Amino acid sequence: MSLTYTNYLKIDELTNLQQLKSDPPEHDEVLFIIIHQTYELWFKQILHEFGKLRKDLEAGKTWGSLKTMRRILTILKTMVSQIDILETMTPLEFNSFREFLGQSSGFQSLQFREMEIVCGLRFPLMKEAHKDQPEHLKILEFRMEESTLWESFCSYLRTRGYEVHPKRENEKGLIHNPSEEIQEMLVSAMKNDPEAALIAELFVDYDEGLQEWRYRHVKMVERTIGTKKGTGGSDGAKYLHKTLNNPIFPDLWAIRSKF
């Protein structure tokens with residue numbers, strides 16, 4: 001069989017992956033499945049780009065890092081805008097099939113936890129949600145051994161003469177604490193090294209974009225289920241609120257008032 005658009009992209013398999021649980025089938029469950037499957041594909045692509053980004057940063061490659069960061073940011077903006085589509089679903093429409101979702105929950109997204117780990121975050125629920133899946137636990141533990149984005153960025157700065165050495169100090173939340181010593185180096189880099197400053201600004205863009213995604217996500221959950229608990233038994237929007245306004249690169253925010 002010759003290579004075609006359909007068999008190369010496995011379109012037949014792809015369009016058969018939307019298997020509804022509602023009985024009788026509820027119209028809006030198709031959108032619910034497709035939007036979440038799309039998010040998982042974007043998570044996969046971002047993790048793929050994170051790998052290249054960290055490699056380029058640690059090798060001191062400015063332009064490769066810039067190009068990859070711009071791609072990641074564009075994907076993140078797309079992810080944020082896709083929430084608009086999900087918000088076309090009313091609470092009544094979501095409740096028409098919610099009972100069929102059982103204990104499944106976004107908390108169980110392995111790839112989003114991988115993204116958070118690479119961003120330097122650690123939470124007990126990361127492993128708890130996958131305690132019955134050893135292969136998932138192994139992936140999460142492997143990710144925890146990898147460089148975080150912040151560590152790779154600091155490696156990049158060292159290739160340019162800035163001796164910044166972030167430490168892993170916390171087992172919960174962000175593993176790196178803000179550091180006045182690193183902030184002094186960052187201020188110097190921002191003033192004297194335009195290429196490093198460009199990378200730093202894209203890191204701020206990513207941090208802001210991730211916070212925007214979390215905000216839109218929590219508002220979408222609030223308008224869909226209000227204060228109800230999540231399907232997986234979580235506190236739903238109440239839990240998600242705790243994730244807001246927590247920057248992953250606090251040193252880059254702290255220096256904004258030092259110019």
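Which residues line the second largest pocket? Let's start there, and keep in mind that this is a predicted model. The lining is made up of L14, L17, Q18, I34, Q37, T38, L41 and W42. Helix α3, residues 29–58, gives the largest share of that lining, with five residues. As for volume, the pocket comes out at about 240 Å³.

Okay, on to the N-terminal end. There's a nonpolar patch on the surface here, formed by L3, Y5, Y8 and L9, and together they have about 530 Å² of accessible area. L9 sits in the loop between α1 (5–8) and α2 (11–14). It counts as partly exposed, because its relative accessibility is 40%.

Now for a contrast, have a look at L76, in helix α4, residues 62–86. L76 has a relative accessible area of 2%, so it's buried. Who does it touch? Leaving out residues up to four places away in sequence, L76 contacts Y206, G209, L210 and W213.

Next up is helix α6, residues 110–118. This one is mostly covered: nine of its nine residues are buried. That includes charged ones such as R113, E114 and E116. And what does the covering? Among the elements over those buried residues are α3, β1 (121–122), α7 (124–128), α8 (134–145), α9 (149–159) and α11 (194–225). After α6 comes G120, with a positive phi near 95°.

That brings me to the salt bridges. How many does the structure hold? There are 17. Side chains of opposite charge can pair when their charged atoms come close. Staying in α6 for a second, E116 and R113 pair up at 2.6 Å, N to O. They're three residues apart, about one turn of the helix, and both are buried.

Then there's R143 with E146, at 3.0 Å, N to O, and again both partners are buried. This pair is part of something wider: salt bridges with shared partners join R54, E114, R143 and E146 into one network.

One more pair, and I'll stop. R216 forms a salt bridge with E87, with the closest N and O atoms 3.2 Å apart. R216 is in helix α11 and E87 is in the loop between α4 and α5 (91–98), so this bridge ties together parts that are 129 residues apart in sequence. Are these two buried or exposed? R216 is at 18% relative accessibility, so it counts as buried. E87 is buried too, with a relative accessible area of 17%.

Technical notes: Residues are numbered from 1 along each chain as its sequence is written. This is a predicted model: local features need pLDDT of at least 70, side-chain atom pairs count only at pLDDT 80 or more; totals for chains, interfaces and linings use all residues. Side-chain values use heavy atoms; hydrogens and water are left out. Patches are made of residues with over 30% relative accessible area and no salt bridge: like charges are joined within 9 Å, nonpolar side chains (Val, Leu, Ile, Met, Phe, Trp, Tyr) within 5 Å. Accessible areas come from the Shrake-Rupley method with a 1.4 Å probe; for residues, only the protein chains shown count as cover. A salt bridge is a side-chain nitrogen of Lys or Arg within 4 Å of a carboxyl oxygen of Asp or Glu. Helices (H or I, at least four residues) and strands (E, at least two) are DSSP runs, numbered from the N terminus. Buried means under 20% relative accessible area, exposed over 50%, partly exposed in between (1.4 Å probe, protein chains only). Contact means heavy atoms within 4.5 Å. On a 1 Å grid over the protein atoms alone, a cavity is a set of points where a 1.4 Å probe fits but cannot get out, and a pocket is an open set with protein on both sides within 12 Å along at least five of seven lines; lining residues have an atom within 4 Å of a point. Grid points are joined across faces, edges and corners, and a volume is the space filled by probe spheres set on the points.
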